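Work through the following exercises with the sequence and the model at hand. Each task is followed by a solution in steps.

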Amino acid sequence: MKVGIVGLGYVGLPLALAFAEEGHDVVGVEADPRKVAAIARGHSYIEDVPSERLAAVSDRLCPTTGYEDLVSCEAILIAVPTPLTRNREPDLGPLVSAGTALAGVLREGQLVVLESTTYPGTTRERLVPLLEESGLAAGRDFNLAYSPERVDPGRTDFTLRTTPKIVGGLTPACLERALELYGRVCDDLVTVSGPEPAELAKLLENVFRSVNIALVNELAMLCDRMGIDVWEVVDAAASKPYGFMRFDPGPGMGGHCLPVDPFYLSWKAREYGQPTEFVELAGEVNQRMPEFCVERVARALNDLSKPVRGSRVLILGVAYKPGVGDLRESPAIKIMGLLAKNGAELSFHDDYVPNLPEFALSSQPLDLALADADVAVIVTAHPELDVEAVVRSAPLVVDFRGVTRGIEAPNLVRL
Ligand SMILES: NC(=O)c1ccc[n+]([C@@H]2O[C@H](COP(=O)([O-])OP(=O)(O)OC[C@H]3O[C@@H](n4cnc5c(N)ncnc54)[C@H](O)[C@@H]3O)[C@@H](O)[C@H]2O)c1
């Protein structure tokens with residue numbers, strides 16, 4: 001089979017690899033020529049895709065910036081970004097441009113599946129008209145389905161194959177084709193009645209996380225005032241074997257999904273005059289966390305009679321979560337911006353992020369950085385971080401991830 005993937009990022013590249021490793025020919029259309037060149041060299045820019053595995057399928061994986069090669073594909077999966085505009089409304093620009101370009105090469109009998117996260121109605125209301133510019137009718141001349149991607153970058157216990165995949169087709173025949181396609185790379189397929197429940201199911205998953213993270217973050221701020229250890233509280237509550245699911249507090253939400261996707265739902269809900277108060281409140285609480293973190297660092301410095309201005313603040317981990325180098329919406333960047341505004345002298349250490357051009361900073365070796373800091377702030381604890389060494393070497397440590405639990409030291413402050 002020949003499969004086309006449009007957008008070779010965190011979602012598209014692992015998908016392309018999965019189909020290629022199953023022996024299928026894959027055409028990967030990617031707007032960024034640097035990514036195309038990297039893949040052509042067998043070089044991966046996504047942590048979950050080792051370069052060796054990419055190189056091993058190079059004869060079956062054809063990266064390109066042009067859409068023409070999609071003509072010969074039986075199925076085409078779209079995995080372009082779905083970001084927000086400056087006003088935090090859905091920005092379907094990449095999807096519209098991919099759909100428009102695809103219409104130019106679409107041919108009868110092809111299957112198109114949208115994988116990007118988006119509001120319910122996007123596939124039917126936005127993608128169908130774009131693709132039908134080709135002169136072909138969706139559901140009649142070509143098949144169309146929506147199947148949300150659930151990849152969690154950095155996670156190894158669940159893979160594309162072992163994570164159940166939701167599929168909703170425009171028609172029963174569309175569904176049938178999409179199930180046949182995904183059955184080649186996924187063990188467990190979950191069928192829904194159309195694209196809309198599939199689109200909304202993905203948003204529910206992400207809103208669920210956002211709301212629960214906001215709940216523990218709010219609790220962390222309350223615990224700070226009450227002098228109660230929030231980690232002890234969460235550990236204790238998590239001992240309940242049913243009816244409770246653990247979520248940990250932290251410096252705020254990052255990544256392309258959780259800070260972004262709930263806004264897709266709120267925006268669409270407005271069309272129906274239905275406020276999504278839970279969703280919006282969760283967003284507000286989580287967005288407040290970086291400010292709270294800066295205030296906590298300032299208080300910790302103050303206790304040592306030091307002002308933020310002029311203090312050397314070392315940020316440990318700037319990616320939005322452990323094990324990846326993804327900086328999108330990272331709370332560390334917001335924390336650094338606020339600290340810089342308050343006159344702190346910043347440095348950072350992150351094994352996954354070599355440079356932060358917006359701060360004109362490069363990642364410093366941990367030992368040197370610790371020796372030079374007034375305070376080390378653990379914002380994202382990558383698995384390689386030697387937490388004990390941090391507490392031993394830094395004059396003051398502020399831990400927003402709870403990774404110093406079990407260590408008692410006078411220079412240690414925990415969220
Ligand atoms: N990153 C995740 O963990 C994750 C998980 C599940 C779902 N999603 C969703 O999947 C979608 C893609 O996310 P991602 O993280 O892979 O984004 P990404 O930015 O890593 O990758 C998208 C790629 O598409 C390319 N692109 C943009 N416009 C294009 C066009 N018109 N034609 C061809 N290529 C184009 C970009 O250059 C980029 O390389 C989003 O809707 C996201 O919400 C992401």
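A polar contact is a pair of N or O atoms within 3.5 Å; within protein, one must be able to donate a hydrogen and the other to accept it, and residues adjacent in sequence count only if both atoms are side-chain atoms. The model is predicted, so local features need pLDDT of at least 70 and side-chain atom pairs count only at pLDDT 80 or more, while totals for chains, interfaces and linings use all residues. Residues are numbered from 1 along each chain as its sequence is written, and side-chain values use heavy atoms, with hydrogens and water left out.

**Exercise 1.** Find the side-chain partner of aspartate 326 and state whether aspartate 326 is buried or exposed.

Step 1. Aspartate 326 is located in the loop between β9 (312-316) and α11 (331-341); helices (H or I, at least four residues) and strands (E, at least two) are DSSP runs, numbered from the N terminus.
Step 2. Its side chain makes a polar contact of 3.0 Å with the side chain of arginine 328.
Step 3. The relative accessibility of aspartate 326 is 5%, so this residue counts as buried (buried means under 20% relative accessible area, exposed over 50%, partly exposed in between, with a 1.4 Å probe and protein chains only).
Step 4. Arginine 328 also has a polar side-chain atom 3.2 Å from an oxygen atom of the ligand.

**Exercise 2.** Describe the surroundings of the ligand: which residues come nearest, and which helix gives the most to the shell?

Step 1. There are 27 residues around the ligand, and Val11, Glu30, Lys35, Tyr67 and Thr82 come nearest (a residue is near a molecule if one of its heavy atoms lies within 4 Å of it).
Step 2. The shell divides into 15 nonpolar, seven polar and five charged residues. Ala, Val, Leu, Ile, Met, Phe, Trp, Tyr, Cys and Pro count as nonpolar, Asp, Glu, Lys and Arg as charged, and the others, Gly among them, as polar.
Step 3. With three residues, helix α4 (residues 93-103) gives the most to this shell.
Step 4. A polar backbone atom of valine 11 is 2.8 Å from an oxygen atom of the ligand, and an N or O atom in the side chain of serine 97 is 3.0 Å from a ligand nitrogen.
Step 5. The protein buries 90% of the 820 Å² that the ligand exposes when taken alone (areas by the Shrake-Rupley method with a 1.4 Å probe; for residues, only the protein chains shown count as cover).

**Exercise 3.** Classify the pair of tyrosine 119 and tryptophan 267, then the pair of phenylalanine 208 and phenylalanine 247.

Step 1. Rings of Phe, Tyr and Trp (its six-membered ring) pair if their centres lie within 6.5 Å; planes under 30 degrees apart count as stacked, over 60 as edge-to-face and the rest as tilted. The structure holds three aromatic pairs.
Step 2. Tyrosine 119 and tryptophan 267 are 5.0 Å apart centre to centre with 45° between the planes, a tilted pair.
Step 3. This pair links distant parts of the chain, 148 residues apart: tyrosine 119 is in the loop between β5 (111-114) and α5 (122-132), and tryptophan 267 in helix α9 (residues 261-271).
Step 4. Tyrosine 119 is buried at 2% relative accessibility, whereas tryptophan 267 is partly exposed at 27%.
Step 5. For phenylalanine 208 and phenylalanine 247 the centres are 5.7 Å apart and the planes at 70°, so the pair is edge-to-face.
Step 6. Phenylalanine 208 is partly exposed, at 38%, and phenylalanine 247 is buried, at 8%.
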